Amino acid sequence: MNLNGWQKKIYEKIYLEFRDNVFSLQEMYKYEVYFKSLYPSNKHIKDKIRQILQQLRDKNILEFIDNDGHYKLIIID
């Protein structure tokens with residue numbers, strides 16, 4: 001897996017915080033302050049979270065599981 005920057009930080013947060021590896025976009029937004037502390041010059045944290053989740057989905061690291069904004073992390077070695 002070749003992740004760095006935002007992708008790596010979001011992957012790590014999902015892996016560490018969501019035991020069943022299933023989470024919602026709204027749950028990820030709860031970490032807005034955390035990501036703001038990592039990237040203080042970014043003024044659009046929620047937009048960035050959404051963008052990175054889409055990128056991880058495109059890399060088959062996340063699976064979009066329903067229309068209510070729920071995702072599942074696909075554990076990779």
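These legends accompany close-up views of a predicted model.

**View 1. Helix α1 meets helix α4.** Here you can see α1, residues 5-17, packing against α4, residues 45-58, at an angle of about 85°. Their axes are 10 Å apart. Angles of 65 to 115 degrees count as roughly perpendicular, so α1 is roughly perpendicular to α4.

**View 2. The side of each helix that takes part in the contact.** From α1 come W6, Q7, I10, Y11 and I14. On α4, the partners are I45, K48, I49, I52, L53, Q55 and L56. Sorted by character, the residues of this contact comprise nine nonpolar, two polar and one charged.

**View 3. A salt bridge within helix α1.** The structure holds two salt bridges, and this view takes in the one between K13 and E17. Their closest N and O atoms are 3.8 Å apart. Because K13 and E17 are four residues apart in α1, about one helical turn separates them. K13 is buried, with a relative accessible area of 13%, while E17 is partly exposed at 38%.

**View 4. A salt bridge within helix α4.** Now turn to R50, which pairs with D47 in a salt bridge whose closest N and O atoms are 2.6 Å apart. Both residues belong to α4 and sit three residues apart, about one turn of the helix. Buried, partly exposed or exposed: which word fits R50? R50 is partly exposed, with a relative accessible area of 31%. D47 also counts as partly exposed, at 39% relative accessibility.

Methods. Residues are numbered from 1 along each chain as its sequence is written. This is a predicted model: local features need pLDDT of at least 70, side-chain atom pairs count only at pLDDT 80 or more; totals for chains, interfaces and linings use all residues. Side-chain values use heavy atoms; hydrogens and water are left out. Axes are lines fitted to C-alpha atoms, for helices over the stretch in contact, and angles run from 0 to 180 degrees between N-to-C directions. Helices (H or I, at least four residues) and strands (E, at least two) are DSSP runs, numbered from the N terminus. Angles under 35 degrees count as roughly parallel, over 145 as roughly antiparallel, 65 to 115 as roughly perpendicular and the rest as oblique. Contact means heavy atoms within 4.5 Å. Ala, Val, Leu, Ile, Met, Phe, Trp, Tyr, Cys and Pro count as nonpolar, Asp, Glu, Lys and Arg as charged, and the others, Gly among them, as polar. A salt bridge is a side-chain nitrogen of Lys or Arg within 4 Å of a carboxyl oxygen of Asp or Glu. Buried means under 20% relative accessible area, exposed over 50%, partly exposed in between (1.4 Å probe, protein chains only).
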